[in-house]
Amino acid sequence: MSKPDESDGVDAEASTSDLTDEEWRERLSEEEYRVLRESGTEAKFSGEYVDHHPDDGEYRCRACGTVLFEAETKYESGCGWPAFYAAEEESVTTTVDTSHGMRRTEVRCANCDSHLGHVFDDGPEPTGKRFCINSVAMEYDDE
């Protein structure tokens, strides 16, 4: 995937807000597009960050680079997807998702409106939240 970065003199986060569907398809792999732009879900326990437990760093939106989660908020939930007990509040939005005959709370990137996963009220303290996020929707940054 070729995203603009600081070396291009382009703000990666700002550059995604007005992309067309065709431009998203060029930027993202087929799987990334299916999850991020079509609200898909990767298979349980298949994502690269399911068993990834760094001490520090951050997880960014794969579509636009917005910081979504700090590594210290990641925990092992056993749900089959990376789980976090807190998100960067201004970086995510939530909406009601009634697809598949369920009522869930969908989590989206506040910057580019990409689908990330869902949040549930069965997580650990201090928040009681479980942000269940697709690995393909994120990139880990250890800096």
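Strands E6 and E7 form a hairpin with five residues between them, and Asp113 in the turn has a positive phi of about 65°. Strands here are DSSP runs of at least two residues, numbered from the N terminus. The model is predicted: local features need pLDDT of at least 70, side-chain atom pairs count only at pLDDT 80 or more, and totals for chains, interfaces and linings use all residues. Residues are numbered from 1 along each chain as its sequence is written, and side-chain values use heavy atoms, with hydrogens and water left out.

The hairpin belongs to an open sheet of six strands, whose order is E3-E4-E8-E7-E6-E5 with antiparallel pairing. Strand E3 (74-75) and strand E5 (92-97) stand at the edges with a single partner strand each, so one side of each is left without a neighbour in the sheet. Two strands count as paired if DSSP finds at least two bridges between them. Three of the pairings are set out below.

| Strands | Bridges | Residues opposite each other |
|---|---|---|
| E5 and E6 | six | Thr93 and Arg108 |
| E6 and E7 | four | Val107 and Gly117 |
| E7 and E8 | four | Val119 and Phe131 |

Strand E7 (residues 115-120) has five of its six residues buried, so E7 is largely enclosed by the rest of the structure. Buried means under 20% relative accessible area, exposed over 50%, and partly exposed in between, with a 1.4 Å probe and protein chains only.

One residue of E7 is His115, which is buried with a relative accessible area of 1%. The side chain of His115 reaches the backbone oxygen of Gly40 at 3.4 Å. Beyond its neighbours within four places in sequence, His115 is in contact (heavy atoms within 4.5 Å) with residues including Val35, Leu36, Glu106, Val107 and Asn134.

The second largest pocket has a volume of about 170 Å³. Its lining consists of Thr41, Trp81, Arg104, Gly117, His118, Phe120, Arg130, Cys132, Ile133 and Asn134. The elements that give two or more residues to this lining are E7 and E8. By type, the lining residues divide into four nonpolar, four polar and two charged. A pocket is an open set of points on a 1 Å grid over the protein atoms alone, with protein on both sides within 12 Å along at least five of seven lines, and lining residues have an atom within 4 Å of a point.

Conventions
Polar contact = N/O pair within 3.5 Å; in protein donor to acceptor, adjacent residues only side chain to side chain. 1 Å grid on protein atoms, 1.4 Å probe; cavity = no way out; pocket = protein on both sides within 12 Å on 5 of 7 lines; lining within 4 Å. Points joined across faces, edges and corners; volume = space filled by probe spheres on them. Nonpolar A, V, L, I, M, F, W, Y, C, P; charged D, E, K, R; others polar.
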